[in-house]
Amino acid sequence: MRDNDKQRSLPQAEADGIIEGRNAVIEALRSGETIDKIYLAKGETDKTLGHIASRAREKGIVVVEADRRKLDGMSRTHAHQGVIALAAMREYVSVQSLLDAAAEKGEAPLLVVCDEISDPHNLGAILRTAECAGAHGVIIPKRRSAGLTAIVGKTSAGAVSYMPVARVSNLPATLEELKKKGVWVYGTAAEGTTSLYDADLKGPAAIVIGSEGSGMGRLVREKCDFLVSIPMKGHISSLNASAAAAILLYEAVRRRM
């Protein structure tokens with residue numbers, strides 16, 4: 001790649017929320033930019049990369065080791081130097097702030113909990129629906145989940161600017177805390193014993209949407225007060241995660257009218 005071609009690719013990298021190269025990532029950490037995750041080349045013993053990993057962990061940023069092929073595939077500049085950071089579109093908030101926002105409006109909390117939704121397009125679609133349905137916030141785990149990257153922002157059609165998102169280290173513990181504060185937890189499951197139309201979503205509710213492949217994790221499932229099934233009349237027995245979220249959210253909207 002010629003130098004002028006390489007320069008033209010840099011703005012695209014910034015637009016994608018991808019920060020590449022050692023100096024660029026160090027500067028992002030120093031400036032306090034919100035970073036979702038940092039990928040480091042697996043097996044590297046370089047001191048600079050070690051410094052980046054240490055600084056990131058001090059700030060609570062998830063650091064993931066990845067092989068060179070993955071980094072090459074993510075790279076826009078083709079000069080990642082063994083490190084790529086994913087910048088967040090906006091700051092994360094606390095779970096308590098979501099409850100406070102509902103209280104300020106005089107409304108029963110309506111939250112969406114995403115259990116390891118790794119596809120950024122799915123997370124973006126869920127954020128969009130949650131915003132349209134008037135939910136008070138979305139909760140995601142720190143690990144094994146898409147974050148508020150540029151792809152999520154684009155898929156959400158701008159909803160990421162309005163829908164507050166809390167990111168937590170321990171999802172089961174967070175659900176337990178919500179239950180202690182009077183929030184009922186509704187998990188979506190094909191084998192659920194509570195029909196969608198029997199679920200009382202009028203009161204304080206947290207709707208849990210499982211991952212695209214395996215659904216809710218065991219510990220998350222155990223924290224649910226109800227396992228809700230969506231009636232399926234066709235040959236396919238499951239829905240896309242964002243579609244399931246939309247159905248439950250708008251059933252909650254109907255109940256609250």
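## A quick tour of a predicted model

Start with the shaky part: over residues 1-15 the pLDDT stays under 50, and for this stretch the model has 12 contacts beyond four places in sequence. This is a predicted model, and where pLDDT is low, the predicted coordinates should not be read in detail. The protein chain as a whole averages a pLDDT of 87, and 94% of the residues score at least 70. With that in mind, here's a look at a sheet and two helices.

**The sheet**

- Seven strands make up an open sheet, and they pair in parallel.
- If you walk across the sheet, you meet the strands in the order β7-β6-β5-β10-β8-β11-β9.
- The edges belong to β7 and β9 (194-195); each has a single partner strand, so one side of each has no neighbour in the sheet.
- What does β9 pair with? Its partner is strand β11 (residues 226-229), in the parallel sense and over two bridges.
- To find this spot in the structure, look for T194, which stands opposite V228 in β11.

**Helix α5, lying on the sheet**

- Helix α5 (residues 95-105) packs on the sheet, where it touches β5, β6 and β7.
- The direction of α5 makes about 165° with that of β6.
- S97 is one residue to look for in α5.
- Why does S97 count as partly exposed? Its relative accessibility is 28%, and the partly exposed class sits between the cut-offs of 20% and 50%.
- A polar atom of the S97 side chain lies 2.6 Å from the backbone oxygen of S94.
- S97 and G137 are 40 residues apart in sequence, yet their C-alpha atoms are 9.0 Å apart in space.

**Helix α6 and its ends**

- Helix α6 covers residues 120-132, which makes 13 residues.
- From first C-alpha to last, α6 reaches 18 Å, close to the 18 Å expected at 1.5 Å a residue.
- At the N-terminal end, D119 acts as a cap: one of its side-chain oxygens lies 2.8 Å from the backbone nitrogen of H121.
- After α6 comes G134, with a positive phi near 80°.

**What α6 packs against**

- Which residues of α6 are buried? They are P120, N122, L123, G124, I126, L127, T129 and A130.
- Those buried residues pack against three strands you can pick out: β5 (110-114), β6 (137-141) and β7 (165-168).
- They also pack against two helices, α7 (150-155) and α10 (241-256).

Conventions. Residues numbered from 1 in each chain as written. Heavy atoms only, no water. Helix = DSSP H or I, 4+ residues; strand = E, 2+ residues; numbered from the N terminus. Expected span 1.5 Å × (residues − 1). Buried < 20%, exposed > 50% of the residue type's maximum accessible area, 1.4 Å probe, protein only. Contact = heavy atoms within 4.5 Å. Polar contact = N/O pair within 3.5 Å; in protein donor to acceptor, adjacent residues only side chain to side chain. pLDDT = per-residue confidence, 0-100. Pairing = 2+ DSSP bridges. Axes fitted to C-alpha atoms, helices over the stretch in contact; angles between N-to-C directions.
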